[in-house]
Amino acid sequence: MSEQWMRVNLVEGSVNFCFSRPAAEALRQEMQALMERMRAIARAKASGTPLSAQAAMEYRHVGEVFLEVFCNPNIWPNPYAAKVLLTIRDERICLRSEAELNHLMEDLNQFLESATP
């Protein structure tokens, strides 16, 4: 499995780390499911229909680095306002920060477009 550099734009700054295409595809599926849950929440709020709390996204990947992406869809009004909590670590450093959900999706799509299969 070939890993390549992925860049994630944070609320302030950015971070690059090694990531694989299969892991990126799995993360994209998780994020698309999260966005669907967030859209369902927004539709329910707009129509006044009660909706039970939606499950949070807790994605974890262990490769050259450990990556965790967490988002609670119940606290954001829509997917475009949402932020995710990121943890990226290896044996020498640990970074915890926020990223905007829509920017993370853009970064992920850009990585997948450029990553070799």
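## Cysteines

The structure, a predicted model, holds zero disulfides. Cysteine 18 is in no disulfide, and the nearest cysteine sulfur, that of cysteine 94, is 17 Å away. A disulfide is a covalent bond between the sulfur atoms of two cysteines. Here a pair would need its sulfur atoms within 2.5 Å, and the 17 Å from the sulfur of cysteine 94 to the closest cysteine sulfur, in cysteine 18, is therefore too far for a bond.

The two residues can also be described by their accessibility. Cysteine 18 has a relative accessibility of 9% and counts as buried. Cysteine 94 is partly exposed, with a relative accessible area of 36%.

## Strands β3, β4 and β5

Strand β3 covers residues 57-62 and pairs with β4 in the antiparallel sense, over six bridges. The connection from β3 to β4 is a hairpin of three residues. Within this pairing, tyrosine 59 has valine 69 of β4 as its bridge partner.

Strand β4 (residues 66-71) is mostly covered, with five of its six residues buried. β4 also runs antiparallel to β5, and five bridges join them. In that pairing, glutamate 68 stands opposite threonine 87 in β5.

## Threonine 87

Which strand holds threonine 87? The residue lies in β5, which spans residues 83-89. Is threonine 87 buried or exposed? Its relative accessibility is 9%, and since buried means under 20%, threonine 87 counts as buried.

Leaving aside residues up to four places away in sequence, threonine 87 touches Phe66, Leu67, Glu68, Cys94, Leu95 and Arg96. One of these contacts, Glu68, is also the residue that stands opposite threonine 87 across the strand pairing. Another, Cys94, is the partly exposed cysteine described above.

## Helix α1

Helix α1 runs over residues 21-47. At 1.5 Å a residue, its 27 residues should span 39 Å, and the end C-alpha atoms are 39 Å apart, so the two values agree. At the start of α1, serine 20 places a side-chain oxygen within 3.2 Å of the backbone nitrogen of alanine 23. Glycine 48 follows the helix and has a positive phi, near 75°.

The buried residues of α1 are Ala23, Ala24, Leu27, Met31, Leu34, Met35, Met38, Ile41 and Ala44. An α-helix has 3.6 residues a turn, so residues three or four places apart point the same way. The buried residues of α1 pack against β2 (14-20), β3, β4 and α2 (101-114).

## Helix α2

What span should the 14 residues of α2 have at 1.5 Å a residue? The expected value is 20 Å, and the end C-alpha atoms are 20 Å apart, which agrees.

In α2, the buried residues are Leu101, Leu104, Met105, Asp107, Leu108, Phe111 and Leu112. They cover an arc of only 160° around the axis, which means that they sit on the same side of α2. On the other side of the helix, Gln110, Glu113 and Ser114 are exposed. The cover over the buried residues of α2 includes β1 (3-9), β2, α1, β4, β5 and β6 (94-100).

Technical notes: Residues are numbered from 1 along each chain as its sequence is written. This is a predicted model: local features need pLDDT of at least 70, side-chain atom pairs count only at pLDDT 80 or more; totals for chains, interfaces and linings use all residues. Side-chain values use heavy atoms; hydrogens and water are left out. Buried means under 20% relative accessible area, exposed over 50%, partly exposed in between (1.4 Å probe, protein chains only). Helices (H or I, at least four residues) and strands (E, at least two) are DSSP runs, numbered from the N terminus. Contact means heavy atoms within 4.5 Å. Two strands pair if DSSP finds at least two bridges between them. The expected span of a helix is 1.5 Å times one less than its number of residues. A polar contact is a pair of N or O atoms within 3.5 Å; within protein, one must be able to donate a hydrogen and the other to accept it, and residues adjacent in sequence count only if both atoms are side-chain atoms. The arc is that of the directions from the helix axis to the C-beta atoms.
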